[in-house]
Amino acid sequence: MPYVTAADGAEIFYKDWGLGRPVVLSHGWPLNSDSWEAQQLFLASHGFRVIAHDRRGHGRSTQTWTGNEMNTYADDLATLIDTLDLRDATLIGFSTGGGEVARYVGRHGTSRVAQLVLVSAVPPFMLKTDDNPGGVPVEVFDGIRAGSLADRSQLYRDLADGPFFGNNRPGADVSQGTRDAFWRQGLQAGHRNAYECVAAFSATDFRPDLDAFDVPTLVVHGDDDQVVPFEVGGKASAARIKNATLKVYAGAPHGITDTHKDQLNADLLDFLDS
C-alpha cells in the first residue's frame, strides 16, 4: 500500500486513482479515505487523478500519540502534495477535512493549488466564544468526548443512525450499509487520535486561513446539517472567502458525500471543468 512519511516519521496512507489534473480529498471525522469512494471513482472516471489520504491516527495511517491537531494535519497534507509533486491541484475538504484544507492554505499558501472546495466543512470557526457568539456551545463537543470515553463504538453508531446522515428526520431512509460503513471507519481510527481530533475540528479558528484563500473556491453545504450547522459553516465561510461560490442543498444533512453523492459529483465536475 502507498504511504508518504511525515516529518515525525508518521506514515500517511493514500489512494491514487486515475490520470489527469490532480484532485486531493481530505476526509471528515472519524472517517478515512474510504468515505470519499463515490467521489474518487466518479472523478477519476472523468479524467482526473484523484488522491485521498487517511489523516494521521485514522484508517491505515500511523496512530501517533501526538500531532492530533490542525497544524500537523495541514503539514501532513503538504507532505503528501510535495512528495507526489502535485501542481494545479484542486483540494476538496469534507467536514474536518475542510479545516485541514483551510489550515494548509494558511500555512503553505496556494502555489500548488488551482481551486478549493469546502463540503459540509467546519470552517470558519465552530465553537461558540465571545467573538463567535453564533457558534456551537462547548457542551456539545464535551458530550462527544464523554461519549467517546464511555462507549466509542455506540457513539459512532448513534451518529450514523441519527444526525450525520439525517436518518433521524421524518421520511429518511439511509441504508444500513451506509451507516455501518461510518461505524466501521470510525473504529479504524485510534482512540486517542479520534478523541483529540474533536478539539481540532471544533476549537480551531480558521478565519485567518480563509482570508488567505486566493483561488476559485466552491462552498457546498446542506441547510439541514445537524453536525456543522449551515449558518456556522457554509454560509459563514462563503461570506468570508473572496468571490466564493456557494451551493446550498435544500434539506440536506451533513453526510452529503453519501446522501447526495450524484448531485455533489455533478457539482464537483462542473467546478473542476470551469
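These are my notebook entries on a predicted model, listing what I looked up in it.

**Entry 1: helix α3**

I started with α3, which covers residues 96-108. This helix has 13 residues and spans 18 Å from its first C-alpha to its last, close to the 18 Å expected at 1.5 Å a residue. Next I asked how enclosed α3 is by the rest of the structure. Ten of the 13 residues are buried, so α3 is largely enclosed. The buried ones are Thr96, Gly97, Gly98, Gly99, Glu100, Val101, Ala102, Arg103, Tyr104 and Val105. I noted that a glutamate, Glu100, and an arginine, Arg103, are on that buried list.

Then I checked both ends of the helix. Before α3, Ser95 sits in the loop that links β5 to α3. Its phi is near 55°, which is a positive value in a residue other than glycine. Is Ser95 buried or exposed? With a relative accessible area of 6%, Ser95 is buried, because the cut-off for that is under 20%. Just after α3, Gly109 also has a positive phi, of about 75°.

**Entry 2: the nonpolar core**

I looked up the largest nonpolar core, which has 77 residues. Which of them touch the most other members? They are Trp29, Leu91 and Tyr104. Helix α2 (residues 70-83) gives this core its largest share, seven residues.

I followed Tyr104 further, since I had already met this residue in α3. Setting aside residues up to four places away in sequence, Tyr104 touches Ala74, Leu77, Ala78, Ile81, Leu91, Gly109, Arg112 and Val113. So Gly109, the residue with positive phi just after α3, turns up again as a contact of Tyr104.

**Entry 3: odd spots in the backbone**

Trp29, one of the core residues from the last entry, is joined to Pro30 by a cis peptide bond with omega near -5°. I placed Pro30 in the loop between β3 (21-26) and α1 (37-44). I found another cis bond joining Pro123 and Pro124, where omega is about 5°. Pro124 belongs to the loop between β6 (113-119) and α4.

Asp88 caught my eye too. Its phi is near 55°, again positive in a residue other than glycine. I found Asp88 in the loop between α2 and β5 (89-94). At 48% relative accessibility, Asp88 counts as partly exposed, whereas Ser95 is buried.

**Entry 4: α4 against α5**

I turned to helix α4 (residues 138-161) and helix α5 (residues 176-188). Their axes come within 9 Å and cross at roughly 145°. The crossing is right-handed. On the α4 side, the contact uses Arg152, Ser153, Tyr156, Arg157, Leu159, Ala160 and Asp161. On the α5 side I listed Gln176, Arg179, Asp180, Phe182, Trp183, Gly186 and Leu187. I sorted the contact residues by type and got six nonpolar, three polar and five charged.

**Entry 5: helix α6**

α6 runs over residues 191-203, with 13 residues. From first C-alpha to last it reaches 19 Å, close to the 18 Å expected. Its buried residues include Asn193, Ala194, Cys197 and Val198, and Ala200, Phe201 and Ser202 are buried as well. What do the buried residues of α6 pack against? I found α2, α3 and α4 there.

**Entry 6: three single residues**

His254 was my first pick here. I located His254 in the loop between β8 (245-249) and α9 (256-259). At 0% relative accessibility, His254 counts as buried. Leaving out neighbours within four places in sequence, His254 contacts Phe94, Ser95, Ser120, Phe164, Asp225, Val227 and Val228. Ser95, whose phi is positive, is therefore a partner I had already written down, and it is itself buried.

Lys15 came next, in strand β2 (residues 11-17). Is this lysine buried or exposed? At 10% relative accessibility, Lys15 counts as buried. Beyond residues up to four places away, Lys15 touches Ser33, Asp34, Glu37, Gln40, Val50, Ile51 and Ala52.

I finished with Val4 in strand β1 (residues 3-5). Val4 is buried, at 2% relative accessibility. Apart from neighbours within four places, Val4 is in contact with Ala10, Glu11, Ile12, Tyr14, Thr79, Leu80 and Thr83. I also looked up how far Val4 is from Pro163, 159 residues apart along the chain. Their C-alpha atoms are separated by 34 Å.

Definitions and conventions: Residues are numbered from 1 along each chain as its sequence is written. This is a predicted model: local features need pLDDT of at least 70, side-chain atom pairs count only at pLDDT 80 or more; totals for chains, interfaces and linings use all residues. Side-chain values use heavy atoms; hydrogens and water are left out. Helices (H or I, at least four residues) and strands (E, at least two) are DSSP runs, numbered from the N terminus. The expected span of a helix is 1.5 Å times one less than its number of residues. Buried means under 20% relative accessible area, exposed over 50%, partly exposed in between (1.4 Å probe, protein chains only). Axes are lines fitted to C-alpha atoms, for helices over the stretch in contact, and angles run from 0 to 180 degrees between N-to-C directions. A crossing is left-handed if the near helix is turned anticlockwise from the far one by less than a right angle, and right-handed if clockwise. Contact means heavy atoms within 4.5 Å. Ala, Val, Leu, Ile, Met, Phe, Trp, Tyr, Cys and Pro count as nonpolar, Asp, Glu, Lys and Arg as charged, and the others, Gly among them, as polar. A nonpolar core is a set of buried Ala, Val, Leu, Ile, Met, Phe, Trp, Tyr and Cys residues joined through side-chain atoms within 4.5 Å.
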